[in-house]
Amino acid sequence: MSIPNSMQGRLSLPLVGAPLFIISNPDLVIAQCKAGVVGSFPALNARPVEVLDQWLTRINEELDAYNQANPDNPAAPYAVNQIVHGSNDRLMQDVELCVKHKAPVIITSLGARPEVFEAIHSYGGICLHDVINNKFAHKAIEKGADGLICVAAGAGGHAGTLSPMAFIQEVREWFSGPILLSGAIATGDGILAARAMGADLAYMGSAFIATKEANANPAYKQALVDYAATDIVYTNLFTGVHGNYLRPSIESAGLDPDNLPPSDPSKMQFGSGGSGKSKAWKDIWGCGQGINAIKAVQPTADLVARLKSEYQEAQKRVLAA
């Protein structure tokens, strides 16, 4: 197993906060990193592209100041998510800004491109690529990714269909580098289970939506407290890629969750100009199947403290068994 060097000695938990479209912002990322977990955000959340320059400046400055004041307890590194899809017309602009600011970790999604990996490697950054099956995992490593995010069944937003146990086993059979596991992980027990299955780090998104710092509608945050796994619908209607979404938000949009038409993946839109697809992300609420563990909207620091306590208790139970 292999935790990246840039994270060694800087994590309070083996955990990466997943990038949340619209929701992840500098406030959330900085709070996650100070709490000892990797915070991340999609580059496309910073609109227009000049805002990304401002966000990266702020994140670097605040984390550097925190590290100087806390040399024995440094913040975790942060990550920037790049959507490597043909419709993202600002991809290379965003990559250039990440190179300028030396973003320590890049998370790539919806495509693996060697030129992106090479740009990040030019200053010593690392690239983690998210995949939904073993075939895509092989392709990502062949093209230059440093690690893999295995997005298994039950993950929030764009999600795969494989059991996490089967997925990790298949990938770990041939890959010894960093592996992150995503899929209904919302507790410290889940983080330990991910490690037991062979992952180096857990990858958690939905629980961080229900935090004070997250840029989400208060009703969205409360819905994560109020609903559970049975209230989630798996569909590709809203972005062209299959994902998990809260049934009540689909109903509020005037749609029947049990009779949704399929979407055309060729219509996906992630460019700087925005689109109707982007609006869908505001109105339709994505989340993973682990939301029953979310009992309150709370500060990020409190959430991480709860996860850390659960993780330690789970370790004790395993050792006592």
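## Close-up views of a predicted model

**Figure 1. Gly-157 and Asn-244 face each other across two strands.** Asn-244, in β11, is the bridge partner of Gly-157. Please keep in mind, as you look at this and every other view, that the model is predicted. Strands of a sheet pair through backbone hydrogen bonds, and the pairing can be parallel or antiparallel. Here β7 and β11, the latter spanning residues 243-246, pair in the antiparallel sense, over two bridges. Together with β10 they make an open sheet of three strands, in the order β7-β11-β10. At the edges are β7 (157-158) and β10 (232-235), each of which pairs on one side only.

**Figure 2. β11 meets β10 and has both faces covered.** Four bridges join β10 to β11, and the two run antiparallel. To find your way along this pair, look for Ile-232, which stands opposite Leu-246 of β11. Are the residues on the two faces of β11 buried or exposed? Gly-243 and Tyr-245 on one side are buried, and so are Asn-244 and Leu-246 on the other.

**Figure 3. Eight strands line up in a parallel sheet.** This open sheet follows the order β1-β9-β8-β6-β5-β4-β3-β2, with parallel pairing. Its edge strands, β1 and β2, each pair on one side only. From one strand to the next, the twist averages 25°. For a closer look at one pair, find β8 (residues 179-182) and β9 (residues 201-204), which are joined in the parallel sense over three bridges. Ser-182 has Tyr-203 of β9 as its bridge partner.

**Figure 4. Helix α1 lies across three strands.** The strands it crosses are β1, β2 and β3, and α1 runs at about 160° to β2. How much of α1 is buried? Seven of its ten residues are, so the helix is largely enclosed by the rest of the structure. You can pick these residues out as Pro-26, Leu-28, Val-29, Ile-30, Ala-31, Gln-32 and Cys-33. An α-helix has 3.6 residues a turn, so residues three or four places apart point the same way. The buried residues of α1 pack against β1 (15-17), β2 (39-42), α2 (49-69), β3 (78-83), α8 and α12 (300-320). Just after the helix, Gly-36 takes a positive phi of about 100°.

**Figure 5. Gln-32 is tucked away in helix α1.** This residue belongs to the helix formed by residues 26-35. Gln-32 is buried, because its relative accessible area is 1%, under the 20% cut-off. Which residues touch Gln-32, leaving aside its neighbours within four places in sequence? They are Gly-17, Val-37, Val-38, Gly-39, Ser-40, Phe-208 and Thr-300.

**Figure 6. Ser-206 reaches out to Gly-288.** Ser-206 is found in helix α8, residues 206-209. Its side chain comes to 2.7 Å from the backbone nitrogen of Gly-288. With a relative accessible area of 12%, Ser-206 counts as buried. Beyond its neighbours within four places in sequence, Ser-206 is in contact with Gly-156, Leu-224, Cys-287, Gly-288, Ile-291 and Ile-294.

**Figure 7. Tyr-78 is one of the best-connected members of the largest nonpolar core.** This core has 77 residues, and those with the most contacts inside it are Leu-15, Tyr-78, Val-80, Ile-191, Phe-208 and Leu-224. Its largest share, eight residues, comes from α2. Setting aside neighbours within four places in sequence, the residues in contact with Tyr-78 include Val-29, Cys-33, Leu-56, Ile-59, Leu-63, His-101 and Pro-104. There is also a second, separate core of 17 residues; among them are Met-7, Val-38, Val-105 and Leu-128.

**Figure 8. Two buried cysteines stay unpaired.** A disulfide is a covalent bond between the sulfur atoms of two cysteines. How many disulfides does the structure hold? It holds zero. For Cys-33, the nearest cysteine sulfur, that of Cys-98, is 14 Å away. Cys-127 is in no disulfide either: its nearest cysteine sulfur, also that of Cys-98, is 9.6 Å away. Cys-33 is buried, with a relative accessible area of 0%, and Cys-127 is buried with a relative accessible area of 0%.

Definitions and conventions: Residues are numbered from 1 along each chain as its sequence is written. This is a predicted model: local features need pLDDT of at least 70, side-chain atom pairs count only at pLDDT 80 or more; totals for chains, interfaces and linings use all residues. Side-chain values use heavy atoms; hydrogens and water are left out. Two strands pair if DSSP finds at least two bridges between them. Buried means under 20% relative accessible area, exposed over 50%, partly exposed in between (1.4 Å probe, protein chains only). Contact means heavy atoms within 4.5 Å. A polar contact is a pair of N or O atoms within 3.5 Å; within protein, one must be able to donate a hydrogen and the other to accept it, and residues adjacent in sequence count only if both atoms are side-chain atoms. A disulfide is a pair of cysteine sulfur atoms within 2.5 Å. A nonpolar core is a set of buried Ala, Val, Leu, Ile, Met, Phe, Trp, Tyr and Cys residues joined through side-chain atoms within 4.5 Å. Axes are lines fitted to C-alpha atoms, for helices over the stretch in contact, and angles run from 0 to 180 degrees between N-to-C directions.
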